[in-house]
Amino acid sequence: MHIMTSTITPTLFEQLGGEAAVEAAVDKFYRKVLTDDRISHFFEDVDMDRQRGKQKAFLTMAFGGPHSYSGKDMRAGHARLVAMGLNDSHFDAVVELLGATLKEMGVADDLIGQVAAIAESTRPDVLGK
Amino acid sequence: MATIHHGGQKYELQPGESVLDGLLRNGVAAAHACKSGSCGSCMMRVLEGELPSSSQPGLKDSWKAQGYFLPCVCVPNGDLTACEVGSDARVPARVTSVDYLSADVLRVGLRCEAPFEFQAGQYLTVISQKGLARSYSIASLPDESSIELHVRLIPNGRMSGWLSKGSPLGAQVQLQGPSGECFYVPGRSEQAMLLVGTGTGLAPLYGIVREALRSGHSGDIHLVHGALRPAGLYLRAELAALAAAYPKLSYTPVVLNGEGESGVVTGSIDAVVAEKFSSLAGWRGFVCGDPGIVRSLKKKLFLAGMPMRDIYSDAFLPSA
Ligand SMILES: Cc1cc2nc3c(=O)[nH]c(=O)nc-3n(C[C@H](O)[C@H](O)[C@H](O)COP(=O)(O)OP(=O)(O)OC[C@H]3O[C@@H](n4cnc5c(N)ncnc54)[C@H](O)[C@@H]3O)c2cc1C
Ligand code: HEM
């Protein structure tokens, strides 16, 4: 008997719904960020339209989608925030809000786990460690 | 180091300096206003040399192809030769009327001497004969015979001073634009809309509301106009009449200071809006006027559930 070995597994990004899922998540996520007293001050003086674009970049990356940020970019991009006191507790808060957003959208727990793992992998760069 | 050839002269740019900053530093009277790549008033055309791609934001493809660029956001990698834009990129217009809408707001009528296409709510940049450039939102509709602007008088303001005291009637100006995404897009006609403006931030909203009504918008339309004092609430009778004629339109004047004026709400506009409109999922919003209030209101509308991509705004930043 012949077994098909080349069944194509959709990527995490595809399983989540790709670009459309990022679009669906971004406003929900950004509202949580802006109203969370633990971290909202990091987002205070950033232009909202520009910030929405950056949130989309963040979500695309965390969803395992195509992006061109290197670890060095993540370091440089958050250096200003590290200088403001960005630490592990803030990082944990962002991962928590990300999980809550996906949960609200009805995403399965194992996929949420995979997203959290991708976010986790950026921790040293984001926190400048 | 990049050298700019302009008007028969050579100017050396400093590292990281934009073409516009370099010219201004050398005393060239180049027209400019926003200095951030949006108003288009500094537009030039490249004759020789290579433009960085970031120096043509928002320009029409046909203009890009002809080498038009915005020197305020152009930091070239090599030498450039650039010239002023030709008459094809600007529309000459004449000031045909100036009257007072309130003690410190002028209504300025302009008649274009060539076709100038725009959407109600967009803004244009007026460039005077002396090269002074200032952006103003358009309050009129595209098919009206003249373009109407609402210009607030600014103490020692150069453009508003000229318009109020410098006998501008009949004078020729150049119009650059239109620019901006703050306009009514037909479709989703049942969507509820909230329009909030402070001061002359009413100008684009006055166009957008009338455009939406004329397009048969079927959803509710709420217009909120804020001013510091009751005397700053211009076009009140017109707006009240419009709201009386269209039951789906509501008009709420708000003042920060002033008691007991009938039909006027007292309070800070962002608090009044946040209280009156607390659940905005699925709505469309327009916010114009003072930059600080625009920022605060955008955030309030978003947190009340309005989708970010349905929030349109123009912050009336002073010229750089
Ligand atoms: C997209 C856009 C749309 C705009 N639409 C309109 C409009 O529809 N109606 C309108 O009236 N204006 C509008 N403006 C503002 C307008 O472009 C000018 O900045 C304004 O008219 C002042 O120009 P001026 O030449 O009279 O004063 P300037 O000579 O530029 O300023 C004189 C002095 O006053 C200060 N100043 C400027 N503006 C203010 C202010 N608002 N409050 C306090 N001090 C100030 C300046 O910093 C300067 O010190 C808009 C701006 C932008 C960017
Ligand atoms: C969880 C891992 C994180 C990832 C993968 C991530 C990713 C990103 C990305 C891709 C950008 C856009 C960069 C750009 O294009 O300029 C960005 C910007 C930003 N991030 Fe993060 N981020 C993370 C954690 C955090 C945390 C914990 C905070 C603060 C609590 C934060 C706050 C910001 C802010 C404020 C910006 C905008 C910076 C600016 O415009 O100056 N991020 N992030």
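How far from an oxygen atom of ligand 2 does a polar side-chain atom of A:Y69 lie? In this predicted model, the separation between the polar side-chain atom of A:Y69 and the ligand oxygen is 2.6 Å. A second contact to an oxygen atom of ligand 2 is made by A:K54, a polar side-chain atom of which lies 2.8 Å away. A:H78, in turn, places an N or O atom of its side chain 2.8 Å from a nitrogen atom of ligand 2.

The role of A:H78 in the site extends to the metal, since the iron atom of ligand 2 has a single donor from the protein, namely NE2 of A:H78, at 2.1 Å. This histidine is part of helix α4 of chain A, the element that contributes the largest share of the shell around ligand 2, with four residues. The shell as a whole comprises 18 residues, of which A:K54, A:F58, A:Y69, A:H78 and A:R80 are the closest. At least two shell residues are supplied by each of three helices of chain A, α3 (48-62), α4 (71-83) and α5 (88-104). By residue class, the shell around ligand 2 is made up of twelve nonpolar, four polar and two charged residues.

Ligand 2 is located in the second largest pocket, for which a volume of about 770 Å³ was computed. This pocket is lined by 30 residues, and those closest to its centre are A:F43, A:Q51, A:F58, A:H78 and A:L81. For the lining, the greatest contribution comes from α3(A), with seven residues, whereas for the shell around the ligand the largest share comes from α4(A). Helices α2 (18-35), α3, α4, α5 and α6 (109-121) of chain A each provide at least two residues of the pocket lining. The lining residues divide into 21 nonpolar, six polar and three charged.

Ligand 1 is surrounded by 20 residues, the closest being B:R134, B:S135, B:H150, B:M159 and B:S160. Contacts to this ligand include both side-chain and backbone atoms of the protein. From the side chain of B:R134, an N or O atom is found 2.7 Å from an oxygen atom of ligand 1. A backbone N or O atom of B:H150 lies 2.7 Å from a nitrogen atom of ligand 1, and a backbone N or O atom of B:M159 is placed 2.7 Å from an oxygen atom of the ligand.

Notes: Residues are numbered from 1 along each chain as its sequence is written. Chains are lettered from A and ligands numbered from 1 in the order in which they are written. This is a predicted model: local features need pLDDT of at least 70, side-chain atom pairs count only at pLDDT 80 or more; totals for chains, interfaces and linings use all residues. Side-chain values use heavy atoms; hydrogens and water are left out. A residue is near a molecule or strand if one of its heavy atoms lies within 4 Å of it. A polar contact is a pair of N or O atoms within 3.5 Å; within protein, one must be able to donate a hydrogen and the other to accept it, and residues adjacent in sequence count only if both atoms are side-chain atoms. On a 1 Å grid over the protein atoms alone, a cavity is a set of points where a 1.4 Å probe fits but cannot get out, and a pocket is an open set with protein on both sides within 12 Å along at least five of seven lines; lining residues have an atom within 4 Å of a point. A molecule sits in a cavity or pocket if more than half of its atoms lie within 2 Å of its grid points. Ala, Val, Leu, Ile, Met, Phe, Trp, Tyr, Cys and Pro count as nonpolar, Asp, Glu, Lys and Arg as charged, and the others, Gly among them, as polar. Grid points are joined across faces, edges and corners, and a volume is the space filled by probe spheres set on the points. Donors are N, O and S atoms within 2.8 Å of the metal (3.2 Å for Na, K and Ca); water is not among the atoms, so sites may look incomplete.
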